[in-house]
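Work through the exercises below with the sequence and the coordinates at hand. Each task is followed by a stepwise solution.

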Amino acid sequence: MKKFSDLKVGDEYFSTCTFSKKELESYLAFARIKNTIFDDDEYSSIVSGRAIIARMEGEFTRLSQIYGNMILLYGMDGDPGWENRNARFLKPLYIDEILKIKYTISDKKDQDDEFGIIVVDFEGKKENGDIVVIAKKNLYRIKKEPPR
């Protein structure tokens with residue numbers, strides 16, 4: 001685990017994940033998403049964008065470099081250099097496809113004596129290199145000294 005003081009702008013971390021049909025159905029039920037696209041056999045194997053973002057955020061907190069810190073998603077800002085957008089979905093992701101995720105620490109700020117803010121950009125690609133999603137300026141409030 002890296003502490004706040006160890007995290008540097010430009011640090012990159014990596015993870016992978018997949019979504020099974022059962023996981024996607026559970027997420028859609030939990031999130032109470034009702035969209036007729038998921039009822040259509042032709043499109044029912046597409047993974048919801050919200051599910052992708054939620055999984056990417058969850059995978060970030062499980063990274064060995066991050067896990068053990070007291071960390072909370074603080075918000076998602078638009079990126080001024082990207083027309084104030086936060087996330088864009090560029091290609092569909094289907095059930096059982098592997099999503100290769102890159103996390104980049106893009107900024108880091110002191111908040112007060114006890115907490116700091118790290119800004120993390122996410123990028124998710126398929127195994128063939130197609131970019132599925134880019135999400136910039138995901139803000140995390142992190143305790144400078146993790147619990148013992």
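**Exercise 1: a serine in a loop**

Locate Ser48 relative to the helices, then decide whether Ser48 is buried or exposed.

Solution. The model is a predicted one.
- Step 1: Ser48 sits in the loop that runs between α1 (21-31) and α2 (49-62).
- Step 2: The relative accessible area of Ser48 is 6%. The cut-off for buried is under 20%, so Ser48 is buried.
- Step 3: Beyond residues up to four places away in sequence, Ser48 touches Leu24, Tyr27, Leu28, Ile33 and Phe38.
- Step 4: The side chain of Ser48 also reaches the backbone nitrogen of Arg50, at 3.2 Å.

**Exercise 2: two helices**

Describe how α1 and α2 pack, and state which residues meet.

Solution. Two packed helices are described by the angle between their axes and the distance between the axes.
- Step 1: For α1 and α2 the angle is about 100° and the axes are 10 Å apart.
- Step 2: That angle makes α1 roughly perpendicular to α2, since 65 to 115 degrees counts as roughly perpendicular.
- Step 3: From α1, Glu23, Leu24 and Tyr27 meet Arg50, Ala51, Ala54 and Arg55 of α2.
- Step 4: Sorted by class, this contact of α1 with α2 holds four nonpolar, no polar and three charged residues.

**Exercise 3: the faces of a strand**

Assign the side chains of β1 (residues 12-17) to two faces, and find the strand partner of β1 in β4.

Solution. In a regular strand the side chains alternate between the two faces of the sheet.
- Step 1: In β1, Tyr13, Ser15 and Cys17 point to one face and are buried.
- Step 2: Glu12, Phe14 and Thr16 point to the other face and are not buried.
- Step 3: β1 and β4 run antiparallel and are joined by six bridges. Within this pairing, Phe14 has Lys102 of β4 as its bridge partner.

**Exercise 4: strand β5 and its partners**

Trace the pairing of β5 with β4 and with β6, and state how many residues of β5 are buried.

Solution.
- Step 1: β4 (residues 99-110) and β5 run antiparallel, with eleven bridges joining them. Asp110 stands opposite Gly116 of β5, and a hairpin of four residues connects β4 to β5.
- Step 2: β5 and β6 (residues 131-143) also run antiparallel, joined by ten bridges. Here Lys125 stands opposite Ile131 of β6.
- Step 3: The hairpin of β5 and β6 likewise has four residues between the strands, and Gly129 in it takes a positive phi near 95°.
- Step 4: Eleven of the twelve residues of β5 (residues 115-126) are buried, so β5 is largely enclosed by the rest of the structure.

**Exercise 5: two strand residues**

Classify Ile142 and Lys100 by accessibility, then list their contacts.

Solution.
- Step 1: Ile142 lies in β6 and is buried, at a relative accessible area of 0%.
- Step 2: Leaving aside neighbours within four places in sequence, Ile142 is in contact with Phe4, Leu7, Asn69, Met70, Ile71, Glu114, Phe115, Gly116 and Ile118.
- Step 3: Tyr74 is 68 residues from Ile142 along the chain, and their C-alpha atoms are separated by 9.2 Å.
- Step 4: Lys100 is found in β4 and counts as partly exposed, at 43% relative accessibility.
- Step 5: Not counting residues up to four places away in sequence, Lys100 touches Ser15, Thr16, Glu123, Gly124, Lys125, Lys126 and Glu127.
- Step 6: Lys100 and Ala29 are 71 residues apart in sequence, and 25 Å apart from C-alpha to C-alpha.

Terms used. Residues numbered from 1 in each chain as written. Predicted model: local features only at pLDDT ≥ 70, side-chain atom pairs only at ≥ 80, totals over all residues. Heavy atoms only, no water. Buried < 20%, exposed > 50% of the residue type's maximum accessible area, 1.4 Å probe, protein only. Polar contact = N/O pair within 3.5 Å; in protein donor to acceptor, adjacent residues only side chain to side chain. Contact = heavy atoms within 4.5 Å. Pairing = 2+ DSSP bridges. Axes fitted to C-alpha atoms, helices over the stretch in contact; angles between N-to-C directions. Parallel < 35°, antiparallel > 145°, perpendicular 65-115°, else oblique. Nonpolar A, V, L, I, M, F, W, Y, C, P; charged D, E, K, R; others polar.
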